[in-house]
Amino acid sequence: MATDRKSGSTGRIARTAERAADSKAFERAARMGYVASGVLHALIGFIALQIAGGGGGDADSSGAVAALADQPGGIFLIWACFLGCLALALFQASRVFLDSGQDRKEIWKKRATDAGSAVVYGAIGVSFGVFALGGSSDSEQSQVTWTARILSQPAGQVVVGLAGAVIAGIGVYFIYKGATRKFRKDLGPIPERTWQRTATATGIAGFVAKGVSLLILGGLVVAAAVTADPEKSTGLDGALHTLHEAPLGWLALGAVGVGLVLYGLYMALIRARFGKL
(Lines give C-alpha, C1' and ligand atoms only; values in the text may rest on other atoms or scores of the structure.)
Protein backbone atom coordinates (compact mmCIF):
# COMPACT_ATOMS: atom_id res chain seq x y z
CA MET A 1 0.00 0.00 0.00
CA ALA A 2 2.78 2.41 0.98
CA THR A 3 4.69 1.44 -2.15
CA ASP A 4 1.62 2.16 -4.31
CA ARG A 5 1.20 5.58 -2.70
CA LYS A 6 4.88 6.33 -3.25
CA SER A 7 4.65 5.26 -6.92
CA GLY A 8 1.52 7.32 -7.42
CA SER A 9 3.16 10.38 -5.87
CA THR A 10 6.26 9.95 -8.03
CA GLY A 11 4.07 9.56 -11.10
CA ARG A 12 2.16 12.76 -10.35
CA ILE A 13 5.43 14.66 -9.88
CA ALA A 14 6.75 13.29 -13.18
CA ARG A 15 3.55 14.22 -15.05
CA THR A 16 3.61 17.73 -13.58
CA ALA A 17 7.27 18.12 -14.52
CA GLU A 18 6.56 16.87 -18.05
CA ARG A 19 3.71 19.37 -18.55
CA ALA A 20 5.96 22.18 -17.35
CA ALA A 21 8.85 21.08 -19.57
CA ASP A 22 6.56 20.96 -22.60
CA SER A 23 5.50 24.57 -22.09
CA LYS A 24 6.99 26.76 -24.83
CA ALA A 25 6.79 29.83 -22.60
CA PHE A 26 8.71 28.00 -19.88
CA GLU A 27 11.34 26.88 -22.40
CA ARG A 28 11.83 30.44 -23.68
CA ALA A 29 12.19 31.72 -20.13
CA ALA A 30 14.67 28.93 -19.39
CA ARG A 31 16.80 29.92 -22.39
CA MET A 32 17.14 33.35 -20.81
CA GLY A 33 19.22 31.59 -18.17
CA TYR A 34 21.85 30.87 -20.82
CA VAL A 35 21.76 34.53 -21.81
CA ALA A 36 22.27 35.50 -18.15
CA SER A 37 25.25 33.16 -17.86
CA GLY A 38 26.66 34.68 -21.03
CA VAL A 39 26.25 38.22 -19.73
CA LEU A 40 27.99 37.27 -16.46
CA HIS A 41 30.97 35.62 -18.16
CA ALA A 42 31.35 38.42 -20.71
CA LEU A 43 31.43 41.01 -17.92
CA ILE A 44 34.03 38.99 -16.00
CA GLY A 45 36.06 38.77 -19.21
CA PHE A 46 35.92 42.54 -19.72
CA ILE A 47 37.03 43.12 -16.11
CA ALA A 48 39.91 40.65 -16.64
CA LEU A 49 40.97 42.64 -19.72
CA GLN A 50 40.79 45.80 -17.64
CA ILE A 51 43.11 44.26 -15.04
CA ALA A 52 45.47 42.98 -17.75
CA GLY A 53 45.74 46.55 -19.03
CA GLY A 54 46.77 47.84 -15.61
CA GLY A 55 43.32 48.81 -14.32
CA GLY A 56 41.35 47.49 -11.38
CA GLY A 57 38.12 45.63 -10.72
CA ASP A 58 36.77 42.45 -9.16
CA ALA A 59 36.81 39.74 -11.81
CA ASP A 60 34.18 37.50 -10.23
CA SER A 61 30.40 37.18 -10.21
CA SER A 62 29.77 39.84 -7.56
CA GLY A 63 32.13 42.31 -9.27
CA ALA A 64 30.52 41.66 -12.65
CA VAL A 65 26.95 42.13 -11.40
CA ALA A 66 27.98 45.24 -9.43
CA ALA A 67 29.47 46.70 -12.63
CA LEU A 68 26.23 45.93 -14.45
CA ALA A 69 24.18 47.56 -11.69
CA ASP A 70 26.12 50.80 -12.21
CA GLN A 71 25.06 51.04 -15.85
CA PRO A 72 21.93 52.95 -16.97
CA GLY A 73 19.05 50.50 -16.96
CA GLY A 74 21.31 47.83 -15.46
CA ILE A 75 18.83 46.90 -12.75
CA PHE A 76 16.27 45.84 -15.38
CA LEU A 77 18.81 43.55 -17.04
CA ILE A 78 19.76 42.16 -13.62
CA TRP A 79 16.10 41.31 -12.93
CA ALA A 80 15.78 39.66 -16.36
CA CYS A 81 18.93 37.60 -15.74
CA PHE A 82 17.74 36.63 -12.26
CA LEU A 83 14.36 35.40 -13.54
CA GLY A 84 15.99 33.65 -16.50
CA CYS A 85 18.41 31.74 -14.26
CA LEU A 86 15.56 30.81 -11.93
CA ALA A 87 13.52 29.47 -14.86
CA LEU A 88 16.48 27.49 -16.22
CA ALA A 89 17.27 26.04 -12.79
CA LEU A 90 13.65 24.93 -12.39
CA PHE A 91 13.61 23.54 -15.93
CA GLN A 92 16.75 21.47 -15.29
CA ALA A 93 15.35 20.29 -11.96
CA SER A 94 12.17 19.15 -13.72
CA ARG A 95 14.26 17.09 -16.15
CA VAL A 96 15.46 14.94 -13.26
CA PHE A 97 11.97 13.40 -13.10
CA LEU A 98 11.77 12.90 -16.87
CA ASP A 99 15.08 11.21 -17.67
CA SER A 100 14.42 7.71 -18.96
CA GLY A 101 16.03 4.95 -20.97
CA GLN A 102 16.99 1.29 -20.97
CA ASP A 103 20.36 1.70 -19.25
CA ARG A 104 19.93 2.60 -15.57
CA LYS A 105 23.52 3.84 -15.42
CA GLU A 106 22.81 6.33 -18.23
CA ILE A 107 19.57 7.41 -16.55
CA TRP A 108 21.34 8.26 -13.30
CA LYS A 109 24.12 9.96 -15.24
CA LYS A 110 21.55 12.20 -16.94
CA ARG A 111 19.84 12.89 -13.62
CA ALA A 112 23.12 13.85 -11.99
CA THR A 113 23.95 16.16 -14.92
CA ASP A 114 20.53 17.84 -14.81
CA ALA A 115 20.65 18.21 -11.03
CA GLY A 116 24.14 19.69 -11.25
CA SER A 117 23.01 22.15 -13.93
CA ALA A 118 20.06 23.18 -11.76
CA VAL A 119 22.45 23.93 -8.88
CA VAL A 120 24.88 25.88 -11.12
CA TYR A 121 22.21 28.10 -12.68
CA GLY A 122 20.51 28.50 -9.33
CA ALA A 123 23.81 29.80 -7.93
CA ILE A 124 24.23 32.20 -10.87
CA GLY A 125 20.67 33.35 -10.26
CA VAL A 126 21.51 34.09 -6.63
CA SER A 127 24.35 36.36 -7.81
CA PHE A 128 21.84 38.39 -9.81
CA GLY A 129 19.06 38.06 -7.23
CA VAL A 130 21.05 39.61 -4.39
CA PHE A 131 21.59 42.78 -6.41
CA ALA A 132 18.08 42.74 -7.88
CA LEU A 133 16.69 42.88 -4.34
CA GLY A 134 18.93 45.80 -3.42
CA GLY A 135 21.70 43.92 -1.64
CA SER A 136 25.36 43.37 -2.39
CA SER A 137 27.89 40.59 -1.98
CA ASP A 138 31.60 39.84 -2.04
CA SER A 139 32.37 36.51 -3.74
CA GLU A 140 36.01 36.50 -2.66
CA GLN A 141 35.29 37.17 1.01
CA SER A 142 32.48 34.60 1.00
CA GLN A 143 34.82 31.93 -0.33
CA VAL A 144 37.50 32.79 2.23
CA THR A 145 34.90 32.62 5.02
CA TRP A 146 33.50 29.26 3.94
CA THR A 147 37.00 27.83 3.44
CA ALA A 148 37.94 28.94 6.96
CA ARG A 149 34.84 27.27 8.40
CA ILE A 150 35.55 24.00 6.65
CA LEU A 151 39.25 24.05 7.59
CA SER A 152 38.26 24.44 11.24
CA GLN A 153 36.41 21.11 11.15
CA PRO A 154 37.95 17.65 11.63
CA ALA A 155 39.42 16.48 8.31
CA GLY A 156 38.69 19.97 6.99
CA GLN A 157 41.95 20.12 5.05
CA VAL A 158 41.08 16.88 3.27
CA VAL A 159 37.62 18.18 2.33
CA VAL A 160 38.99 21.49 1.03
CA GLY A 161 41.76 19.70 -0.84
CA LEU A 162 39.25 17.37 -2.51
CA ALA A 163 37.06 20.34 -3.42
CA GLY A 164 40.04 22.05 -5.03
CA ALA A 165 40.92 18.90 -6.94
CA VAL A 166 37.33 18.62 -8.21
CA ILE A 167 37.35 22.27 -9.38
CA ALA A 168 40.69 21.73 -11.12
CA GLY A 169 39.33 18.55 -12.70
CA ILE A 170 36.32 20.45 -14.02
CA GLY A 171 38.75 22.99 -15.45
CA VAL A 172 40.64 20.23 -17.28
CA TYR A 173 37.33 18.91 -18.60
CA PHE A 174 36.37 22.35 -19.92
CA ILE A 175 39.72 22.62 -21.72
CA TYR A 176 39.22 19.14 -23.19
CA LYS A 177 35.62 19.93 -24.17
CA GLY A 178 36.72 23.07 -25.95
CA ALA A 179 39.79 21.62 -27.67
CA THR A 180 37.89 18.55 -28.95
CA ARG A 181 34.70 20.51 -29.81
CA LYS A 182 32.62 18.23 -27.58
CA PHE A 183 30.45 21.24 -26.75
CA ARG A 184 28.75 20.75 -30.13
CA LYS A 185 26.85 17.83 -28.55
CA ASP A 186 24.99 20.36 -26.39
CA LEU A 187 23.62 22.05 -29.50
CA GLY A 188 20.86 21.15 -31.91
CA PRO A 189 21.08 21.69 -35.67
CA ILE A 190 22.60 25.03 -36.70
CA PRO A 191 21.29 25.90 -40.18
CA GLU A 192 23.52 28.71 -41.39
CA ARG A 193 27.27 28.39 -42.00
CA THR A 194 27.97 31.77 -40.38
CA TRP A 195 26.33 30.62 -37.16
CA GLN A 196 28.20 27.31 -37.36
CA ARG A 197 31.53 29.09 -37.61
CA THR A 198 30.59 31.45 -34.79
CA ALA A 199 29.62 28.51 -32.60
CA THR A 200 32.92 26.76 -33.27
CA ALA A 201 35.14 29.81 -32.74
CA THR A 202 33.43 31.08 -29.58
CA GLY A 203 33.04 27.58 -28.19
CA ILE A 204 36.69 26.53 -28.56
CA ALA A 205 38.16 29.77 -27.20
CA GLY A 206 35.48 30.13 -24.52
CA PHE A 207 35.65 26.65 -23.05
CA VAL A 208 39.45 26.63 -22.99
CA ALA A 209 39.57 30.04 -21.28
CA LYS A 210 37.02 29.05 -18.66
CA GLY A 211 38.89 25.80 -18.11
CA VAL A 212 42.16 27.66 -17.49
CA SER A 213 40.51 29.97 -14.95
CA LEU A 214 38.91 27.00 -13.13
CA LEU A 215 42.22 25.12 -13.15
CA ILE A 216 43.96 28.04 -11.42
CA LEU A 217 41.03 28.47 -9.03
CA GLY A 218 41.22 24.80 -8.07
CA GLY A 219 44.97 25.14 -7.51
CA LEU A 220 44.40 28.02 -5.08
CA VAL A 221 41.85 25.98 -3.14
CA VAL A 222 44.31 23.06 -2.92
CA ALA A 223 47.00 25.50 -1.74
CA ALA A 224 44.63 26.72 0.98
CA ALA A 225 44.14 23.11 2.10
CA VAL A 226 47.86 22.25 2.10
CA THR A 227 48.83 25.37 4.06
CA ALA A 228 45.63 25.49 6.17
CA ASP A 229 45.40 29.14 5.14
CA PRO A 230 41.89 30.15 3.98
CA GLU A 231 43.23 33.47 2.67
CA LYS A 232 44.75 31.59 -0.26
CA SER A 233 41.27 30.56 -1.41
CA THR A 234 40.40 33.87 -3.03
CA GLY A 235 37.88 32.78 -5.63
CA LEU A 236 37.88 33.52 -9.34
CA ASP A 237 39.09 37.10 -8.85
CA GLY A 238 42.10 35.82 -6.92
CA ALA A 239 42.77 33.19 -9.58
CA LEU A 240 42.84 35.78 -12.36
CA HIS A 241 45.01 38.16 -10.32
CA THR A 242 47.38 35.24 -9.66
CA LEU A 243 47.62 34.68 -13.41
CA HIS A 244 48.33 38.39 -13.88
CA GLU A 245 51.27 38.19 -11.46
CA ALA A 246 53.00 35.43 -13.45
CA PRO A 247 55.72 36.19 -16.04
CA LEU A 248 53.98 37.74 -19.06
CA GLY A 249 50.86 37.50 -16.91
CA TRP A 250 49.26 40.51 -18.56
CA LEU A 251 49.36 38.66 -21.87
CA ALA A 252 48.01 35.42 -20.41
CA LEU A 253 45.27 37.24 -18.50
CA GLY A 254 44.38 39.20 -21.62
CA ALA A 255 43.99 35.96 -23.56
CA VAL A 256 41.80 34.45 -20.82
CA GLY A 257 39.78 37.68 -20.68
CA VAL A 258 39.11 37.54 -24.42
CA GLY A 259 38.23 33.85 -24.06
CA LEU A 260 35.73 34.55 -21.29
CA VAL A 261 34.10 37.26 -23.39
CA LEU A 262 33.81 34.75 -26.24
CA TYR A 263 32.41 32.16 -23.82
CA GLY A 264 29.81 34.73 -22.83
CA LEU A 265 28.93 35.25 -26.50
CA TYR A 266 28.71 31.48 -26.99
CA MET A 267 26.27 31.13 -24.09
CA ALA A 268 24.16 34.20 -24.91
CA LEU A 269 24.02 33.84 -28.70
CA ILE A 270 24.63 30.16 -29.49
CA ARG A 271 23.60 28.07 -26.49
CA ALA A 272 20.54 30.22 -25.80
CA ARG A 273 19.34 29.88 -29.41
CA PHE A 274 20.49 26.45 -30.52
CA GLY A 275 21.14 24.60 -27.23
CA LYS A 276 19.31 21.38 -26.45
CA LEU A 277 16.87 21.53 -23.54
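A residue is taken as buried under 20% relative accessible area, as exposed over 50%, and as partly exposed in between. The structure described here is a predicted model. By this scale L277, with 31% relative accessibility, counts as partly exposed, because its value falls between the two cut-offs. L277 belongs to the segment that follows α10, the helix of residues 249-274. Beyond the neighbours within four places in sequence, L277 makes contact with six residues listed here in chain order: E27, R31, Y34, L88, F91 and Q92. The C-alpha atom of L277 is separated by 12 Å from that of L90, although these positions lie 187 residues apart along the chain when counted as a sequence separation.

The overall architecture is helical. The protein chain contains ten helices and zero strands, and from the N terminus on its elements run α-α-α-α-α-α-α-α-α-α. The radius of gyration is 20 Å, close to the 19 Å given by the globule rule for 277 residues, so the protein chain is as compact as a globular protein of that length. Along the principal axes, the C-alpha trace of the protein chain spans about 65 × 55 × 40 Å. Of the 277 residues in the protein chain, 41% are buried. Contacts between residues at least 6 apart in sequence join residues at least 24 apart in 74% of cases.

The accessible surface of the protein chain amounts to about 14500 Å², and carbon and sulfur atoms account for 63% of this area. The charged side chains comprise 27 positive and 19 negative ones, with the centres of the two sets 12 Å apart.

Helix α8 covers residues 193-227, a run of 35 residues. At 1.5 Å a residue, a helix of this length should span 51 Å, and the C-alpha atoms at the ends of α8 are indeed 51 Å apart, which agrees with the expected span. Helix α8 is followed by A228, a residue with positive phi. The phi of A228 is near 55 degrees, and the residue is not a glycine. A228 is placed in the loop that connects α8 with α9, the helix of residues 235-244. With a relative accessibility of 42%, A228 counts as partly exposed, because this value lies between 20% and 50%.

A positive phi is also found at A155, again in a residue other than glycine, with a value near 60 degrees. A155 is located in the loop between α6 (139-151) and α7. The relative accessibility of A155 is 52%, and A155 therefore counts as exposed, the cut-off being over 50%.

Helix α7 itself comprises residues 156-179 and includes L162. L162 has a relative accessible area of 54% and is therefore exposed. In sequence, L162 and S152 are ten residues apart, and their C-alpha atoms are 15 Å apart in space. T113 is placed in helix α5, which comprises residues 104-132. The relative accessible area of T113 is 46%, under the 50% that an exposed residue must exceed, so T113 is partly exposed. A distance of 21 Å separates the C-alpha atoms of T113 and A179, two residues 66 positions apart along the chain.

Two further residues are buried. H41 lies in helix α2, which comprises residues 24-52. The relative accessibility of H41 is 9%, and H41 counts as buried because this is under 20%. With neighbours within four places in sequence left aside, H41 is in contact with K210, L260, V261, Y263 and G264. K210 falls within the residue range of α8, while L260, V261, Y263 and G264 fall within that of α10.

L243 is located in helix α9. At 13% relative accessibility, L243 is also under the 20% cut-off and so counts as buried. The contacts of L243, apart from neighbours within four places in sequence, are with I216, G249, A252, L253 and V256. I216 is 27 residues from L243 in sequence, and the two C-alpha atoms are 7.8 Å apart. I216 falls within the residue range of α8, and G249, A252, L253 and V256 fall within that of α10.

Key
Residues are numbered from 1 along each chain as its sequence is written. This is a predicted model: local features need pLDDT of at least 70, side-chain atom pairs count only at pLDDT 80 or more; totals for chains, interfaces and linings use all residues. Side-chain values use heavy atoms; hydrogens and water are left out. Helices (H or I, at least four residues) and strands (E, at least two) are DSSP runs, numbered from the N terminus. The expected span of a helix is 1.5 Å times one less than its number of residues. The radius of gyration is taken over C-alpha atoms; the globule rule is 2.2 Å times the number of residues to the power 0.38. Buried means under 20% relative accessible area, exposed over 50%, partly exposed in between (1.4 Å probe, protein chains only). Contact means heavy atoms within 4.5 Å. Accessible areas come from the Shrake-Rupley method with a 1.4 Å probe; for residues, only the protein chains shown count as cover. Lys and Arg count as positive and Asp and Glu as negative; His and the chain ends are not counted. The place of a charge is taken as NZ of Lys, CZ of Arg, CG of Asp or CD of Glu.
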